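Me: I'd like a close look at one part of this model: the aromatic rings and what sits around them. Can you walk me through it?

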Amino acid sequence: MQSLAMIENWPVPTAAAAVVRADGTVAGSHGPTDRRFPLASVTKPLAAYAVLVAYEEGAVELDEPAGPEGATVRHLLAHTSGLAFDEHRIQAAPGARRIYSNAGFEVLGDHIAKATDIPFADYLHQAVLEPLGMASTTLEGSPAKDGVSTVGDLVRFAAEVQAPRLLDPRTVLEAMTVVHPGLSGILPGYGSQKPNDWGLGFEIRDGKSPHWTGASSSPRTFGHFGQSGTFLWVDPDAGAACVALADRAFGPWAIEAWPPFTDAVLTELRG
């Protein structure tokens, strides 16, 4: 795909990107797809997928208590537990506000570790990474932000999300469906969004503006971006997903570069 070569113009030392269709075929790739990059918050969809495996295995229920009083596994996955961004401090009642929370995902990791009697990093490996052949992916700390992976591995994950084998497709559909519709909140790097829609561990584009995806991305697009200069989106209407990893922290360069890149990719896919 010629559009992927646009990453060469990004003001970053190194970048890699790929597109994978819903049938699992790789439409194209560019850059060192076997290079390991810190994922930052692109770790969260991987962690969420492991939580959903634990749910399907019967280790946890989505609506069982977890985190602050009155909160559940579902609240933690959807950033509605009321926990603060980066500290274990309660800022709101569960379900009242969308507060993007790294702390919430750390509580979630601890909850799964207790329920399964397996450290969360090991559970993620056994439940998601190993079955998908993601041999270059590791979790080296917080389930909110300390994953390290390659474009090649994330292509495997993006293919799984589009045609699930590890989970029932109905569970994945639930993960990409808005939890607590209508809640407003801050989308890190992009300011206040009304509404600020999220599913279970995946951000949902809907009508958000400004946004890190493209102007032509469908409202059904879901995924995540990371502060280390990384993103993964799945656009069900386009029948494809895109992964891009870079080694420069998110900032104005990404806000400027990512949307036209995504629009070019979508234009080429629709070709």
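Which residue has its charged end over the ring of Phe105, and how far is it from the ring centre?

Reply: That's Lys44, with its charged end 5.9 Å from the centre of the Phe105 ring. "Over" here means NZ of Lys or CZ of Arg within 6 Å of the ring centre and within 35 degrees of the ring normal. Arg35 does the same with Phe37, at 5.0 Å.

Quick caveats: this is a predicted model, where local features need pLDDT of at least 70 and side-chain atom pairs count only at pLDDT 80 or more, while totals for chains, interfaces and linings use all residues. Numbering runs from 1 along each chain as its sequence is written, and side-chain values use heavy atoms, leaving out hydrogens and water.

Back to Phe105: Leu77 touches it (heavy atoms within 4.5 Å), and Leu77's other partners include Ala48, Val51 and Leu62.

As for ring on ring, there are 16 aromatic pairs, meaning Phe, Tyr or Trp rings (six-membered ring for Trp) with centres within 6.5 Å; planes under 30 degrees apart are stacked, over 60 edge-to-face, the rest tilted. Trp10 and Phe261 are edge-to-face, at 5.2 Å and 70°. Trp10 precedes strand S1 and Phe261 is in helix H7, so their pair ties together parts 251 residues apart in sequence. (Helices are DSSP H or I runs of at least four residues, strands E runs of at least two, numbered from the N terminus.) Both rings belong to one aromatic cluster, along with Tyr190, Trp212, Phe225, Phe231, Phe250, Trp253 and Trp258.

Technical notes
Lists of a residue's contacts leave out its neighbours within four places in sequence.
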